[in-house]
Amino acid sequence: MSENGNKNSSNEELIALIQQKAVELGRTPTHKDVETAAAATAIRRFDSWNNFLASAGLETKNSGNALMSDEEAIRLFQAKAAELGRTPERNEVTQFRAVIKKYGGWQRFLLAARLEPPEIEKFKQISDKRLIELVQVRAVELGRTPKKYEFVQGATATHRYGGWSDFLRAANLEPAKVKKRRKQQRYEIPEKYFSDKQLIELVQARASELGRTPKRYEFAQESTVTNRFGGWRNFLASAGLEIEMPREKQKALSKEKLMELVQAQAAELGRIPQKHEFTQNKWACDQFGGWQIFLYHAGLKTTKPEAYRKSLSNEQLMEAVRAQAVELGRPPKKKEFKHGSQAVNRYGSWIEFLLAAGLKPEKYIQVSNERLVELIRSEIVELGRVPKMEESPYCKVAINRYGGWYNFLKAVEQMPAARGKNILKISNNQMLQLIKAQAVELNRTPTIIEFEYAELAKDKFRSWERFLKSAGLEPIEPPEEKTKIIVKISNEQLIERVQAQAAELGRTPAIREFEHAPVAIKRFGVWSAFLESAGLDLLFPGKSGYKISNEQLLEEVQAKAAELGRTPTIREFHYGRLANGRFGTWRAFLKSAGLARVRVKPRNPKTKISNEQLIELVQVQAAELGRTPKRSEFKHGRLVTSRFGKWSIFLQSAGIDPVKPVKPKPKISNEQLLDLVKERALELGRTPKKYEFKRGELATSRFGTWADFLQSAALEPAKPVKSGYKISNEQLIELVQAQAAELGRTPRKKEFKYGYLILKRFGNWTTFLNSAGLEEAGKHETAISNEQLLDLVKERTVQIGRSPNAKEFRYGTLVIGRFGSWSAFLLKAGLEPAKREPLKAQLNDEELIAAIKQRAVELEKIPEVKDFERASLASYRFGTWNTFLKKAGLI
């Protein structure tokens, strides 16, 4: 179906293609078995995929609609979660539509199945290809081209492609045709003409659809019929429809008749009719004073509606709220005040209304500590338990004053009003019962952060572990690695902690001061939204947590002007940037404060200082430094340059010798660098590291990398040694002694597995051998004669069947230091150096494979990179060294 199944194919072609696809698969294909564009075309043509399969004579499937019990659905999804190792997505289980319909949403079903909803990654980048795939899948789900608001990433797609239609065309979907309604003029002749018979048939169909005679505004061609038939009533009479009773005749109906009519309509509908469904609603409202009162008198409403309440004056509102505050013993909340909405409309906010009435809102409750304890104690008596923070405004006050609920409870025990009364205290048995109940609820041992009375439990049982053991619970073992334990924290706990920290600091904490700031931002979107949920204000620069109004800004700047005795500048005013942003400009802000702007005269860089004074200043500075000062060290350097032209001329005028320019160091050639690193290698007895070579940075900049530089110098780069071995010095000594017994001689540092660790522990290899009671080996290498070197290289030549290179000879570095170069050494030994092929005569792939096979025969093993001269070329050609060996049939 993928070859020709596009939007230009006919229905017969689509059916033939799906039948062919069914034969290939041996079953009824789903929409996922064919191309997305072809499936979307079939669904758009046949309204659904099942209709398309039925038209093709294939068996339809009703996946996801099978009835199943709640237990079966939960077991099925839990098994799927265990199989995936995570909570499944909706599209990963076929029965998701059934459970969504049964539970009212996917999240509710996951909670019922005790599965954790997957976290949604916000701001995740999505590619254009993925956008097109998603919209095609959405089109298959809907059976038509989706609209922009029906696609989750609609705004992203529109932004990327410039428009929704352009995005649909890019996804091979046909945009929905939008019928543009042309606004007709009042007396404009419509484009489409209807005959009188057609108009009558249309209004009759509309009447049968509504079940009554349509209103004029409910008929689309009302202006046409009014012009044709001379009025709406004449048109309804021509159509044989019941004409609405005129307004004059409605007035003749009595109240009893109106009530009979509405009762009859209620019996016909089986419910209370709505206002627009009752034909005589206007006259009924006029006679009874309202629709609800009319229904009450007709016996359709049992409760009499409240009479219209006249608006109160400001003084009456204040008296009412004061009286209610006296009854409650505190300022009432907005929802507790009968005229709360009216007060907010008058004064702008509930807090402003309470302040105007001389009352302090709950946010500013001022009671003594003893009174606070009595208030909370009364709430405990009412509830029969200690209230939670969100249940009582006084709990918030206690937490803000004492820095936490536990601190408040401890302070209560020391108060005279609370001594001898154990209402606020909680016994050990009660705490044990609470922790057990929470463990059953969580199906695990609660953590110290999750238990409400954790601090109290630690204080009474001396530690959290003892408390858990007393409750018969096992503590959660921490992981072996020192990783940070992530504990889930609810939104309420986040708000409680930020409020407690604000109480400790005496201001709103900054984002960097709050420990759980990343979690809060992830939950609430932005930091300001989190602070607003916690009832805290945003921090302004220099002000700790409280907003400042424009009037306060003006008062502050006037106070600053009085303090300075002049108008302050924007830099001198603490809220300069804030004022500039509020009033548009600094000048407008000063004008609003009634202050005149001060014009600051720019300072002239060329101050009144003579040349003689400049000379005296530089002579004094030279005497202080004990040398000739540089231009950058002299305060008036620019002024001197503008006066005397050059710094050297100025120094000569002052009788000071100019500083002679330092000659640059002579450049060093690449050959000299190579000779120096070889000398360094002879000194160390091994290949030096970059930091051990004085010209390391220069060599790296010349040759690209340190390894390339060492390779050019015919030195083998040192292999990195893994650090972090957990082995003692005694074990190291035992290991080197065992290796010496095995070899029959003292091992060299490069032969010992922990060579790098030896340097770190003992400083050098010699000290380590002395500690192990061994003599250092290899000293004879430097004492070996040239004749012995020549004999050894001849033996090596016989072994490999050709002249070796410096890497293949054990004393290659020593030889280069003695004879100057490897070629000179070979000539001295009567051997011909191996000639390198020119760069143009590179080997092809077959020649490289033949060469590595011959090299394997010579070595009688699989060659390594260092054993093959063309290793870099082979790795470049075949991608990696192992791939090259596989092509050669060696591995």
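1. Helix 26 covers residues 491-505 of this predicted model. At 1.5 Å a residue its 15 residues should span 21 Å, and the C-alpha atoms at its ends are 21 Å apart, so expectation and model agree. The buried residues of this helix are Leu494, Ile495, Val498, Gln499, Ala500, Gln501 and Ala502. Two glutamines, Gln499 and Gln501, are thus on the buried list alongside the aliphatic side chains. Directly after helix 26 comes Gly506, with a positive phi of about 80 degrees.

2. Helix 39 (residues 755-762) has Gly755, Leu757, Ile758 and Phe762 as buried residues. They lie on the same side of helix 39, because the arc they cover around the axis is only 150 degrees. An α-helix has 3.6 residues a turn, so residues three or four places apart point the same way. The cover over the buried residues of helix 39 includes helix 38 (729-743) and helix 40 (765-772). Just after helix 39, Gly763 has a positive phi of about 95 degrees.

3. On the overall make-up: the protein chain has 47 helices and zero strands. It has 891 residues, of which 34% count as buried. Taking contacts between residues at least 6 apart in sequence, 50% join residues at least 24 apart.

4. On confidence: the average pLDDT of the protein chain is 78, and 82% of the residues score at least 70. Residues 182-191 stay under 50, and the model has five contacts for them beyond four places in sequence. Residues 540-546 also stay under a pLDDT of 50, and here the model has 17 such contacts.

5. Aromatic pairs number 54 in the structure. One of them joins Phe151 and Trp164: the ring centres are 6.0 Å apart and the planes are at 45 degrees, so the pair counts as tilted. Phe151 is in the loop between helix 7 (128-142) and helix 8 (154-161), while Trp164 belongs to helix 9 (residues 164-170), so the pair ties together parts 13 residues apart in sequence. Phe151 and Trp164 are both buried. Another pair is formed by Phe573 and Tyr575, with ring centres 6.0 Å apart and planes at 70 degrees, so this pair is edge-to-face. Phe573 and Tyr575 are both buried as well. They belong to one aromatic cluster with Phe583, Trp586 and Phe589.

6. A charged side chain also meets a ring. Lys255 lies over the face of Phe288, at 5.3 Å from the ring centre.

7. Leu236 is in helix 12. Its relative accessibility is 3%, so Leu236 counts as buried, the cut-off being 20%. Leaving aside neighbours within four places in sequence, Leu236 is in contact with Val203, Thr213, Leu241 and Ile243. Between Leu236 and Val225, which are 11 residues apart in sequence, the C-alpha to C-alpha distance is 9.5 Å.

8. Ala239 lies in the loop between helix 12 (232-238) and helix 13 (247-251). At 5% relative accessibility, Ala239 is buried too. Not counting residues up to four places away in sequence, Ala239 touches Ile200, Val203 and Gln204. Val203 is thus a contact of Ala239 and also of Leu236. The C-alpha atom of Ala239 is 7.9 Å from that of Glu201, 38 residues away along the chain.

9. Positive phi also turns up in residues other than glycine. Asn172 has a positive phi of about 60 degrees and is placed in the loop between helix 9 and helix 10 (196-210). With a relative accessible area of 54%, Asn172 is exposed. Glu860 has a positive phi near 60 degrees and lies in the loop between helix 45 (845-859) and helix 46 (871-878). Glu860 counts as exposed because its relative accessibility is 74%, where the cut-off is 50%.

Technical notes: Residues are numbered from 1 along each chain as its sequence is written. Side-chain values use heavy atoms; hydrogens and water are left out. Helices (H or I, at least four residues) and strands (E, at least two) are DSSP runs, numbered from the N terminus. Buried means under 20% relative accessible area, exposed over 50%, partly exposed in between (1.4 Å probe, protein chains only). Contact means heavy atoms within 4.5 Å. pLDDT is the predictor's confidence in each residue, from 0 to 100. The expected span of a helix is 1.5 Å times one less than its number of residues. The arc is that of the directions from the helix axis to the C-beta atoms. Rings of Phe, Tyr and Trp (its six-membered ring) pair if their centres lie within 6.5 Å; planes under 30 degrees apart count as stacked, over 60 as edge-to-face and the rest as tilted. A charge sits over a ring if NZ of Lys or CZ of Arg is within 6 Å of the ring centre and within 35 degrees of the ring normal.
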